[in-house]
Amino acid sequence: TKGLNHTENHELCLKQIRDSIEATAAAGFPNVVCFSGNREGISEEEGAANCVAALKQVAGLAEAKNVTLVIELLNSKVNHKDYQADRTAWAVDVCKRVGSPRVKVLYDIYHMQIMEGDLVRTIKDNIAYIGHFHTGGSPGRNEIDETQEINYLAVAKAIAESGYQGYVGHEFVPVRDPLT
């Protein structure tokens, strides 16, 4: 809820991001997840400008350490009321304005199905700005199976055809015993 979109959060958030970049690089992992934070009354433009200003302060370190900062998209309709980075276009705009190849979007398929739909076209149109994917069934954020509305075969095919080389993380709430 407290993220980069409010300048009063920058000092703490940027320290945490710098520490995470260092630890992530040392461990050999590719990404550090960042969050816009909740709107709490600020405009889309002010929140974006504040995120850009903050991310520009850490983009150089991320570049030097070969770590990608990924801004996670979450839905503000069901799970994360008031969260600012709830649209692909908003987060991609932030990435473009930062202007670093090490600042991208964490495209959460579950969350963007709720907010936008049109998953395949959105992924194809924005793949250059996507640095990680999360999955989850919708509705319910459960396993990817025949009980949910997302056609993950089509989504996975679009990701594969795009030339994407990163990770796809499965982030869901199991309804069955996850070990069986």
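In this predicted model, the largest pocket holds about 150 Å³ of space. Its lining is made up of K2, G3, L4, C13, Q16, I17, S20, V32, V33, C34 and F35, and by character these residues divide into seven nonpolar, three polar and one charged. Two elements, α1 (10–27) and β1 (31–34), each supply at least two residues of that lining, with the largest share, four residues, coming from α1.

L4, which belongs to the pocket lining, is also among the residues with the most contacts inside the largest nonpolar core, a set of 44 residues in which L55, L69, V94, Y107, I109 and F133 are likewise listed for their contacts. Helix α2 (residues 44–65) gives the most to this core, with eight residues. Around F133, leaving aside residues up to four places away in sequence, the contacts include L106, Y107, I109, I123 and I127, together with I159, Y164, Y167, V168 and G169.

I123, one of the residues that F133 touches, lies in helix α5 (residues 119–126), where it is buried along with L119, T122 and N126. Seen down the axis of α5, the buried residues fall within an arc of 100 degrees, so they line one face of the helix. The face turned away from this buried side carries the exposed residues R121 and D125. The elements against which the buried residues of α5 pack are tabulated here.

| Element packing against the buried residues of α5 | Residues |
|---|---|
| α3 | 88–98 |
| β3 | 103–108 |
| α4 | 109–115 |
| β4 | 130–135 |
| α6 | 152–161 |

Conventions
Residues numbered from 1 in each chain as written. Predicted model: local features only at pLDDT ≥ 70, side-chain atom pairs only at ≥ 80, totals over all residues. Heavy atoms only, no water. Core = buried A, V, L, I, M, F, W, Y, C linked by side-chain atoms within 4.5 Å. Buried < 20%, exposed > 50% of the residue type's maximum accessible area, 1.4 Å probe, protein only. Contact = heavy atoms within 4.5 Å. 1 Å grid on protein atoms, 1.4 Å probe; cavity = no way out; pocket = protein on both sides within 12 Å on 5 of 7 lines; lining within 4 Å. Points joined across faces, edges and corners; volume = space filled by probe spheres on them. Nonpolar A, V, L, I, M, F, W, Y, C, P; charged D, E, K, R; others polar. Arc of directions from axis to C-beta.
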